[in-house]
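Here is a short briefing on charged side chains. Keep the sequence and the 3D view open as you read.

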Amino acid sequence: MQEFDKSISIDGREIHLKVGLLAPQAGGSVLVSSGDTAVLVTATRSSGREGIDFLPLLIDYEERLYAAGRIPGGFLRREGRPPERATLISRLIDRPMRPLFPSWIRDDIQIVATTLSMDEEVPPDVLAATGASIAVLLAEIPFNGPMAAVRVGLVGDDFIINPTYAEMEEGDLDLVVAGSPDGVIMVEAGANQLPEQDVIEAIDFGYEVVRDLIQAQLDLVKELKLERPVEPEPVVDESLERFLADKATAPIQAVLKQFEQTKAERDDKLDTIKATMAEEIQALAEDDAVRAAIEEDSKALGKAFKSLTKKLMRAQILEEGVRVDGRKLDEIRKITCRTGVLPRRVHGTGLFRRGLTQVMSVTTLGTPGDAQMMDDLHPGEEKKYIHHYNFPPYSVGETRPMRSPGRREVGHGALAERALIPVLPDPEDFPYVIRVVSECLSSNGSTSMGSVCGSTLSLMDAGVPISQPVSGAAMGLIREGDEVRILSDIQGIEDFLGDMDFKVAGTDSGITALQLDMKITGLPMEVISEAINQARPARLHILEKMLETLDKPRPEVSAYAPRLLTMRINPDQIGMVIGPGGKQIKAITEKTTAKVDIQDDGTVTISAIDSEKALQAQKMIEGITHVAEAGNVYMGKVTRVIPIGAFVEFMPGKEGMVHISQLADYRVEKVEDEVNVDDEVLVKVREIDNRGRVNLTRLGIHPDEAAAAKSAAGLEA
């Protein structure tokens, strides 16, 4: 393909598309740039695989640190496992792209987005997402797009399209909206407790720009004279579907209307019906089309049975307004909460259960040195609030190997993290590094929102002074033609067989996080708006149940959490506290058992399980950094005696000498006649010589000065 350039103006900012310059052997490639940020996005399709019943779509976002003029850390000095934010961007691209591929396609499709250059103005994620759609169009892969994504920020009262990092930091909203010609298909947002209407307006504002980007892609296809591929959908023999519809509809409907049963009981009954159908099919004549269908494809019966179950469950909701567990469309499952579940050194625990979904969140409070260092392209070097989410196989009654966290676990943890950040205390007032781990113990829908609720309880149990408690609810959707039903607090089967998973988290003041994923090709804004508004009473009901267990943070942090003291020193004195080769700071740590963290701005955080040890370390640092002046009076301790005088430690780590002539107002024959090692003595700074040596005296100390020095030392005057 010949080189081709196109520019798109979005809210006064240019997005440049360059086609045909890079990656000529990829199916389709485009270099998307804005400012000094440039992302190469490629799409490649290979031959279909036999025997699979899913779309093998792989989307990878890759960061190269040379893009920001940096060399990777670590021994190898090269990029290795993708950092967490790269994984999240891969998901951000995958979620709006996946629903737009035809359901029948089984070819391997890989989309790779690589950030080649990056400034500190333009985030690469929405460029990569839009570039993914363009690359697929250029590769002429069947696709129900185009798709485009934009970011919406809110600074003051104004919405901003594709804000800079600085504007995102300053504003109250970070929202990414992706859409297709059919409507909104994905939303990802963090907000500072914004009202529902503000969030709805932001999504609508963003989708208007998405439409312009979609039209620009259609214009690009036309200008390049590309053919939109039209591939015939594989012809499927429907004899098996007709057989099941005739034989299994009534028994499946009967199971779906047994509202008092558990999930396990319902699954067992459906499995029994499927097994019965398999037996009946095996009894058919060998040349029967139904029997031939399952002998040709061992998974055919399972797929057809799932399809029928999905159709009947959706019809029950659309026609009768009744869900498989008997709930109304806006009804929430039974909620139970507990705190302080784990004993001893665990700092805080929250156990949250909604129906069969159960999450235990555990809070650990650490020191500033426990902050997570971020080695990626994005601004911000460390994280002081970390949320991790684990999803073990037993949570769904399955067995599988336990591996490192997958993309889903990383994504769910990040969503819960984002939901809670707006209510966390200012690090200046609460200098702890906070880690919350949400263990999904049982899953039947929306464990991510269960993690938000459990984490709120856990943080309050640990004594973290959050400004307001946060709860979350997952909304679902059933849509057939013009008929739409929105479901509050979806369970597993409604997520699995439904059209939408819309997670909304927030306080009673407003929304803190959103995540919308679709299985259809888009939704109009009025449906999005209705879902957001229906989510508010759902999450407030959940919040009310949570607060019945613990209504505010505990007044003190856990007894097992480290005690922190924060002080400031002159940045020029940092070297004095550390000492040559770290000698001084090691001495403080060994003597007090406290941990000392020093930041470049001179902020010193001292942590110890025993607060007395932390105070001791603080006094030592104050002594090291204290600048003595002539005339200052101190209560000190004699450390050495020599024939001509005595050395006195007047501040921790600081010594001066009292000459024998300055020990008393009369002639002293022998130093030991006046003072000995370990004696506590009042001394005044007489002078500091040109070599920095402090000369002390015991003479000329006024009674008021003596009283003040004794008081400062914690002694009675």
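Glu201 is partly exposed, because its relative accessible area of 38% falls between the 20% limit for buried and the 50% limit for exposed. Bear in mind that this model is predicted. The points below begin with the surroundings of Glu201 and then turn to pairs of opposite charge.

**A negative patch**
- Glu201 sits in helix H4, which covers residues 196-223.
- Together with Asp204, Glu208 and Asp212, Glu201 forms a negative patch on the surface.

**Salt bridges across the structure**
- How many salt bridges does a search of the whole structure find? The search finds 41.
- One network of salt bridges links Arg95, Asp125, Arg151, Asp174, Glu188, Arg418 and Asp517.

**Arg151 and Asp174**
- Within a salt bridge, Arg151 pairs with Asp174, and their closest N and O atoms are 2.7 Å apart.
- Arg151 belongs to strand S7 (residues 148-155) and Asp174 to strand S9 (residues 173-180), so the pair ties together parts 23 residues apart in sequence.
- Are these two residues buried or exposed? Both Arg151 and Asp174 are buried.
- Both residues also appear in the network of salt bridges, alongside partners including Arg418.

**Arg333 and Asp489**
- Arg333 and Asp489 form a salt bridge too, with 2.9 Å between the closest N and O atoms.
- Arg333 lies in the loop between helix H8 (300-320) and strand S11 (335-339), and Asp489 lies in the loop between strand S19 (483-488) and helix H11 (492-497), so this pair ties together parts 156 residues apart in sequence.
- Arg333 counts as buried because its relative accessible area is 7%, under the 20% limit.
- Asp489 is buried as well, with a relative accessible area of 1%.

**Asp495 and Lys519**
- Asp495 makes a salt bridge with Lys519, and here the closest N and O atoms are 3.9 Å apart.
- Asp495 is in helix H11, while Lys519 is in the loop between strand S21 (511-518) and helix H12 (525-549), so the pair ties together parts 24 residues apart in sequence.
- Why does Asp495 count as partly exposed? Its relative accessibility is 24%, and partly exposed begins where buried ends, at 20%.
- Lys519 also counts as partly exposed, at 43% relative accessibility.

Conventions
Residues are numbered from 1 along each chain as its sequence is written. This is a predicted model: local features need pLDDT of at least 70, side-chain atom pairs count only at pLDDT 80 or more; totals for chains, interfaces and linings use all residues. Side-chain values use heavy atoms; hydrogens and water are left out. Patches are made of residues with over 30% relative accessible area and no salt bridge: like charges are joined within 9 Å, nonpolar side chains (Val, Leu, Ile, Met, Phe, Trp, Tyr) within 5 Å. Accessible areas come from the Shrake-Rupley method with a 1.4 Å probe; for residues, only the protein chains shown count as cover. A salt bridge is a side-chain nitrogen of Lys or Arg within 4 Å of a carboxyl oxygen of Asp or Glu. Lys and Arg count as positive and Asp and Glu as negative; His and the chain ends are not counted. The place of a charge is taken as NZ of Lys, CZ of Arg, CG of Asp or CD of Glu. Helices (H or I, at least four residues) and strands (E, at least two) are DSSP runs, numbered from the N terminus. Buried means under 20% relative accessible area, exposed over 50%, partly exposed in between (1.4 Å probe, protein chains only).
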